[in-house]
Amino acid sequence: MKILVAIPSHNEQDSILEVVRNITKETEGFSPAIVVFDDASKDQTPFLLKENGVMSFRIKKSFGLGNVFSEITKYFIQKEFDILVTIDGDGQFDPKDMASIIKPIIDGDADMVTGSRFIIGSTTRNISHLKYLGNKLGAKYISSILKHKYHDVTCGFRAYTRDAILRLHTFSDFTYTQEVFLNLAFKKLAIKEVPINTVYFKERKSKMVKSIFTYIVKSLKIILKSIITYSPMKLFGSLGTLSFLLTLVSGVFIFFWDQSTGGVTPFKWVGVTAIASLIVGVILYSVGILLQVTSRLQITAEEQLYLIKKNIYGK
């Protein structure tokens, strides 16, 4: 069984060789191919990789972590690997956890296994309060969409089956973690979380994510796009229901006020609100239904593309 350990890296000259050495040490039992995917680093990373004989794939122009992951999946498919493991190049994740991440894949219990920094049994040191809160809220939101409790949906330490990668279709260049989670979950693939050990280094700043605010905004856009693509009624149906509830409350209030006083003054605006929210609700439901039709077409097209890729690259 051929295993690829892919390490996305952008200007990680201070940590990348140590990460590669630690992974090599901890994976002697199954001897994977370890490849650093260098995202157009401008520091000494390319030189260090070459001088130390580390296998690497150079991306000439940096577009973001999502683009790096896309290049990783292309490499994985074309080189005919069976299992893909991704781990960051900054040294925050412990390669000793790799065996427990790969095991459910080998045992056939999961299509994707993600390391979880917040599940029982995990340890996460030095994480900022803002990052912790953002991850917890993101996990809670995506869990509500998928109707299944997940604790960590942004961890980059993961393992995938070949079939999961063949089924996967992502579009964002910025990041990939939430989009991949939603993409595979909407396709009803088995996703499992395992506890991992993580250390955030206070003196280091993320090379892949320049701004927490930008990350949050762009991540929300990616999540909303995934929902609209694969399950639009979850969004538009919910918004439409809220509009109809506003119509109901406003309508009941204005009806009883009219019955008791013989007029709607001074609450004409409540009646206008009831009518407006009714119209908005109808529009939202209509848009949701139309997008649901296009969603089915999208899913069918992706299934056809999966079958074509499996026919070409399947093993």
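This section describes aromatic contacts, buried and exposed elements, and backbone exceptions in a predicted model.

Aromatic rings are considered first. The model contains 16 aromatic pairs. One of them joins Phe37 and Tyr75, whose ring centres are 5.4 Å apart and whose planes stand at 90°, an edge-to-face arrangement. The two partners come from distant parts of the chain, with their positions 38 residues apart: Phe37 belongs to strand S2 (residues 33–39) and Tyr75 to helix H3 (residues 65–78). Phe37 is buried, because its relative accessibility of 0% falls under the 20% cut-off. Tyr75 has a relative accessible area of 15% and is therefore buried as well. A second pair, Phe76 with Phe81, is stacked, with 6.3 Å from centre to centre and 20° between the planes. The relative accessible area of Phe76 is 0%, so this residue is buried; Phe81, at 7%, is also buried. These four residues and Phe57 make up one aromatic cluster.

Charged side chains lie over the faces of two rings described here. Lys2 is placed over the face of Phe81, 4.9 Å from the ring centre. Phe81 thus has Lys2 over its face in addition to its stacked partner, Phe76. Elsewhere, Arg167 lies over the face of Tyr306, at 3.8 Å from the ring centre.

Helices H7 and H9 provide examples of buried and exposed positions. Helix H7 (residues 177–186) is largely enclosed by the rest of the structure, because ten of its ten residues are buried. Its buried residues include the nonpolar side chains of Val180, Leu182 and Phe186, and also Gln178, Glu179 and Asn183. After H7 comes Lys188, with a positive phi near 65°.

Helix H9 spans residues 232–261 and includes Leu242. Leu242 is exposed, because its relative accessibility of 55% is over the 50% cut-off. Together with Leu239, Leu245, Leu248, Val252, Phe255 and Phe256, Leu242 makes a nonpolar surface patch of about 680 Å². Ile254 also lies in helix H9, but with a relative accessible area of 13% Ile254 is buried. Leaving aside residues up to four places away in sequence, Ile254 touches Val264, Phe267, Val270 and Gly271. For one of these contacts, the C-alpha atoms of Ile254 and Phe267 are separated by 7.3 Å, the two residues being 13 apart along the chain.

The loop between H9 and helix H10 (268–313) contains Pro266. The peptide bond leading from Thr265 to Pro266 is cis, with omega near 5°. Most peptide bonds are trans, and most residues other than glycine have a negative phi.

Positive phi values are also found in loops towards the start of the numbering. Asn11, in the loop between strand S1 (3–9) and helix H1 (16–26), has a phi near 55°. Ser31 occupies the loop between H1 and S2 and has a positive phi of about 40°, although this residue is not a glycine. With a relative accessibility of 57%, Ser31 counts as exposed.

Definitions and conventions
Residues numbered from 1 in each chain as written. Predicted model: local features only at pLDDT ≥ 70, side-chain atom pairs only at ≥ 80, totals over all residues. Heavy atoms only, no water. Patch = residues over 30% accessible without salt bridge, like charges linked within 9 Å, V, L, I, M, F, W, Y side chains within 5 Å. Areas by Shrake-Rupley, 256 points an atom, 1.4 Å probe, with all protein chains shown as cover. Salt bridge = Lys/Arg side-chain N within 4 Å of Asp/Glu carboxyl O. Helix = DSSP H or I, 4+ residues; strand = E, 2+ residues; numbered from the N terminus. Buried < 20%, exposed > 50% of the residue type's maximum accessible area, 1.4 Å probe, protein only. Phe/Tyr/Trp six-rings, centres within 6.5 Å; stacked < 30°, edge-to-face > 60°. Lys NZ or Arg CZ within 6 Å of the ring centre and 35° of its normal. Contact = heavy atoms within 4.5 Å.
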